[in-house]
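Please read the following explanation alongside the sequence and the structure, taking one helix as the starting point and moving outward from there.

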Amino acid sequence: MRLNSTSRRSLAETIDWKLVICYLLLIFIGWMNIYASVHSSEAESILDMGSRSGKQFIWIISAIGLAGIILFIFNPNIYESFSFLFYIFTLGMLIAVIFLGVEVKGSRSWFAFGDIRFQPAEISKIATSLMLATVMSQSGYRISNFRNFIITALVILVPMVIIVAQSETGSALVYVGFIFMLYREGLSGWLIALMGLVILTFILTLTTSSYVSILVLGSVIGLTNCLRSGKMKKWLYTTLPVIILFSAVPFICKSVMESRPDLTFLSDGGQLYLLLGVSAAYTVYSVYEAYRERNLFKGLSVLTFTVGILLVFSVDFVFNEVLQDHQRKRIEVLLGMKEDPMGVGYNVNQSMIAIGSGGFLGKGFMNGTQTTYGFVPEQTTDFIFCTIGEEWGFAGSSIVILLYVFMIWRIISDAEKSRENFTRIYGYCVASCIFMHLFINIGMTIGLMPVIGIPLPFISYGGSSLWAFTILLFIFIALNKKESKYF
């Protein structure tokens, strides 16, 4: 009896049951809302195996079985030992699906085996997380080392580029979340700010003009240098007046051309050439100053500005040649460049109506009109959150979001307590993946993000997604369980 008691006590102490319970609550909430989304058109009961709610029940049972195998059968040491082989195998599947997979909604990213479909991009997050943990936990690893940084970047970028080649932009975007883990491991915060500046430049170029983008880019980089060096007076007295002057140039030129239309050099093209000329001169001067002062940050700023200008002039190519037609339309609707409430904007419009109509407490389980009458397409997958919003209201939606926040916080907390670098790094990768899916999916449903086909972890319908997130999470719980004996 003492042995059994000790075994039970040891199990309770080593497994993070709060994470497990949070996982079980989320998959149960997902199952209930999948049934609420299909009960009027597909299912007579929640266990009707011909409906999505019945099929999801099978996926849930099998996912819980997988979780048990990971926790109690597999040796946690195998994940680091076989991470490289798993990563290479996953890359092979990502490439193979481009040629052997089936096309679904413009994306060739699915293998089909009869009625069962499998998306390699889902398990690529697991393989990449394990590979990153393996590479970055090596003795002597420093992300500030150029060689280490390049290797780490390639581990992330290779699967990301292949996924983009599948026209699966949404899954590729999740990889951006790994930057939070990289920041925890020593990546400069300035690089994260740089990513934000790249996104801002892209949006400004689409919605305004190249002139405005370059002016904003130069202003932000100049201000950043002054803040870092403490030379704010110099920026206020020299750089700021130049920025104000160039901000007024388009209005001045427009006024002059109204009376002298023959002065074509004052057109938009002429203004841009003038700005580029001044920018080139300032860039040369900044390179000289950076060299003279041996100022690495200033040198990187000049490089950033140069790359930013190249980005500005490549936006049209990326937008028109790289993105697919439906992706372009979704971005245009999101940024307010086009109004299309009955076209590509229909899903988001109906989703916001559903969420808004839920009020504070919601309309009640299976009482949502938008849900019952199927106004929102993909309501069991990409737009499952609008079912929660309509039937459970603000209160229910907040509870679901808080469950995710608790899960992410708990993973990070356990990762920080870990003595092994591998477990800590992998934990941050898991938290980053869940956060990115949560942020993008809910952002889609409320019109803050473009519709790019991202499931809500543990809640959206689908075996590939549920299995992948279950494996991703329970590998971390197993690694944490292995270490808990030291505490």
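In this predicted model, helix H3 has 21 residues, and because a rise of 1.5 Å a residue should carry them over a span of 30 Å, the 30 Å that separates its end C-alpha atoms agrees with that expectation. The helix, which runs over residues 52-72, has a buried set made up of Ser53, Gly54, Gln56, Ile60, Ala63, Ala67, Ile70 and Leu71. These buried residues of H3 pack against H2, against helix H4 (78-81) and against helix H20 (463-483).

H3 also takes part in a feature of the surface, since it supplies at least two residues of a nonpolar patch, as do helix H2 (17-38) and helix H5 (83-100). The patch covers about 1200 Å² and is made by Trp17, Ile21, Leu25, Ile69, Phe72, Ile73, Phe74, Ile78, Phe82, Phe84, Leu85 and Ile88. One of its members, Trp17, lies in helix H2; with a relative accessible area of 34%, Trp17 is partly exposed, because that value falls between the 20% and 50% cut-offs.

The cysteines offer a further view of the model. The structure holds zero disulfides, and Cys433 is accordingly in none, the nearest cysteine sulfur being that of Cys429, 6.7 Å away; a disulfide would require the two sulfur atoms to lie within 2.5 Å, so this pair does not qualify. Cys433 counts as buried because its relative accessibility is 1%, and Cys386, with a relative accessible area of 0%, is likewise buried.

Conventions. Residues numbered from 1 in each chain as written. Predicted model: local features only at pLDDT ≥ 70, side-chain atom pairs only at ≥ 80, totals over all residues. Heavy atoms only, no water. Buried < 20%, exposed > 50% of the residue type's maximum accessible area, 1.4 Å probe, protein only. Patch = residues over 30% accessible without salt bridge, like charges linked within 9 Å, V, L, I, M, F, W, Y side chains within 5 Å. Areas by Shrake-Rupley, 256 points an atom, 1.4 Å probe, with all protein chains shown as cover. Salt bridge = Lys/Arg side-chain N within 4 Å of Asp/Glu carboxyl O. Helix = DSSP H or I, 4+ residues; strand = E, 2+ residues; numbered from the N terminus. Expected span 1.5 Å × (residues − 1). Contact = heavy atoms within 4.5 Å.
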